[in-house]
Each structure stands twice: as structure tokens, then as C-alpha cells.
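Let us walk through this structure step by step, beginning with its overall division and ending at the ligand.

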Amino acid sequence: MSNRKIGIVTGGGDCPGLNAVIRAIVKAGDLSGFQSIGIHGGLDGLLTPVQASPLMVKDMDGLLIRGGTILGTANSGRFAAKAGSGRKRKVPQETLDQAKRNFDSLGLSALIIIGGDGSLSTAQQMFEMGFPVVGVPKTIDNDLDATQMTFGFDTAVACAVDALDRLHSTASSHNRVMVLEVMGRYAGWIAAYAGLGGGADVILIPEIEFNFPAIHKKITEREVQGKHFTIVIVAEGASLGKEKITADDGAPDREIRLGGIGHEVAARIEAMTGKETRCVVLGHLQRGGQPTQWDRQLCTRFGVRAARMVAKEEFGKMVALLPNGMMGAVTLKEAVNKIRSVDPKGELVMTARALGISFGD
Ligand code: F6P
């Protein structure tokens, strides 16, 4: 067995496909002569007492389809790169120094950090202080600008579409308005894709300011057409004004928890239209369970590419799905702090509008 070792860590909120990425790195790394070491519980696992253990090829069976992460993860704590309403936070130098000492004593030659914007910002900070890091872009929100798609997104959309399919039959049976709240902190990708794929009548996203008279108009038009039910999908980050609706408990070491816009929208629709309206918050169902076949492929391609980048010592970079559909790499510096938003004038929104779907504007 080689004595070159790759550390693998998962950071931020979990997401379907994390295990598939781990599996791809371990298997491809093994064939390139690397031994993989899993860091447990997010980057905190590199702090004393270190939580790390070898990941063997034989242990990878079944991981392609298993949800969650076998390594555990954290979206709060000492390595959190964001707090409050997206405020940037530098990881303290003494925390990084301790992690570096432990990284060195584990004998690691590289660290692959699988995470979203927050973990990848930490990855950039670590790279600047001498850690040989490679990033892999994860988030169901799909809001990283430097990659055409993050893994986990497709599975989250599939979950939301399944929910919309189910809501259609109950909404039409009762002549109700059904509101589905989905995740999407800064960007409305899940709501927009699921809204199209699941036939929503109204899609509310952070990128397009909405108002209730416009939603009322859409519901009334449907009534006139003899359609006595309406399906609304709303991203958690969509807002009625500047303030997003939160369900926060005030924890200082992580981003504010969003949630509640769906209930607010449902109550206002019911008051305005007099139609019975119900709200479903899909929540963490979107983050759990087996990845779709697309996510399994994307994760495998990301993982193999990350292992190859380690072999070539291409550090300070993140694997990315390029506009031409090929795997590539971008610098972490380019990758972080740039949100990929739904373009209000783009093809996705225009396609929806062409069907008469309302964005509440
Ligand atoms: O960033 C991904 C995400 O799913 C957001 O859409 C959501 O706001 C957040 O994670 C929820 O995180 P938590 O697991 O802390 O509730």
C-alpha cells in the first residue's frame, strides 16, 4: 500500500451524493496509489482529539446510492465560514494552526473538502495558509456560480416534483390552493426547476419580487377557466420585502435558519381569495435519501476528477461542471462568494411564463 494519503472531509449541510463522491475518490485514489483517510464530523475532525480513520475500497460497497455522509458533517462550529444573514467569518488562525499540525501528523499529502460556498471559503483560507486542498461543490441549492451544477440539486428537485405530483391530486379533489415551500436560501433553482417539472401554477423565488394581487389574479384566472385549484411553489429565501422569514434560534456560529414564507403566503392567499389554502414545508426531505442517477454520475465524475487533481498536485482548485458539459477545474478563489442566481429574464423563466406560470410579479 502506498504511503501517500488523501484526507477526505464533508462540510456544511448534508446532501444526497456525498457518499458517492467519497466512494469515487477512494476507488480512483487507490488505483493511483493513494490511501484515503476519512476526517469525521466536518473539519472539526482535524482538531484535537483528531477524528480520522482509513477508508478502504472494500468499505465502499453500497455507497453509490446511500444518502447522507458516512463521515458526518457540520454547518456550524469552529470552521463555519458564514454566520447570521450570510456574513463572512474568517476561521481563527489558532484553529487553522491546530488543524495543520494534525494534518501533518496524520501524514496527509492532500485534503479534499466536499462542501458548499461556506466550506469552500474555508478551503480557500486553508489553501492560503499552506494546506494542499481540492474542493468538490456540493449543495442542493445549486447556487455556486463556478459550476453549471452542484451535486444533490437534481435529487432535491426530484423530491420536490414528487411532492407537487402528490399535491396536485389532493388540491384538485378539494378545490384548494396548495403551497409547497422548498429550500433555496439565496437562489430559486429548486423552486424554478421543480415548478416546471411538477406543473406549478405560481413559482416564487428570491430573484423575482412578488406581490399578492398578482397571485390573486392568477388564481382568479384559473377559476374563470374552470380550474378550481392552484399549486404554488415558494423558495424559502423568497421574500415579501427586504427581510427573509426565519425560523431562527439565534445560534451565533452559523447562518440564520430560514423558513416560514410558505405559511405566510398560504395565509395571505386564503384571506385574499377566500379559498381554502394549505401549506406543506418540504424541508430536509429534500436533503435525505438516495441520489438520482444523474447525481450518482455527477458525484462519480467529481470524485474521480478530484483524485486526479491530487495526483497532479493541482491544489487551491475546485472541480466543476463546465458549460460544455465536461469536467474541469476552477480556482477556489474564483469559485467562492459568487452566487449563481436564476436569471429573471433567462430561458428557464421565459419558458415558464410562456405556459402562463406566474412568478407573482
Ligand atoms: O444550504 C443548503 C440548505 O439546504 C439551505 O437551503 C437551507 O437554508 C439550509 O441548508 C438548512 O440548513 P439546516 O440543516 O441547518 O437546517
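The chain is assigned two parts, domain 1 (4-151 + 289-335) and domain 2 (156-286 + 343-354), with bounds that come from an automatic or database domain assignment. This is a predicted model, in which local features need pLDDT of at least 70 and side-chain atom pairs count only at pLDDT 80 or more, whereas totals for chains, interfaces and linings use all residues. Residues are numbered from 1 along each chain as its sequence is written, and side-chain values use heavy atoms, with hydrogens and water left out.

Taken over C-alpha atoms, the centres of domain 1 and domain 2 are 32 Å apart. The two domains also touch, since 15 residues of domain 1 are in contact with 15 residues of domain 2, where contact means heavy atoms within 4.5 Å.

Both domains also take part in surrounding the ligand, each of them supplying at least three residues to its shell. That shell consists of N75, I140, D141, M183, G184, R185, E236, H284 and R287, each with a heavy atom within 4 Å of the ligand. By residue class, the shell holds 2 nonpolar, 3 polar and 4 charged residues, with Gly counted among the polar ones.

Which side chains have a polar atom 2.9 Å from an oxygen atom of the ligand? An N or O atom in the side chain of D141 lies at that distance, and so does one in the side chain of H284, while a polar side-chain atom of R185 is 3.3 Å from a ligand oxygen. Taken alone, the ligand exposes 400 Å², of which the protein buries 79%, with accessible areas computed by the Shrake-Rupley method with a 1.4 Å probe.

Definitions and conventions. Polar contact = N/O pair within 3.5 Å; in protein donor to acceptor, adjacent residues only side chain to side chain.
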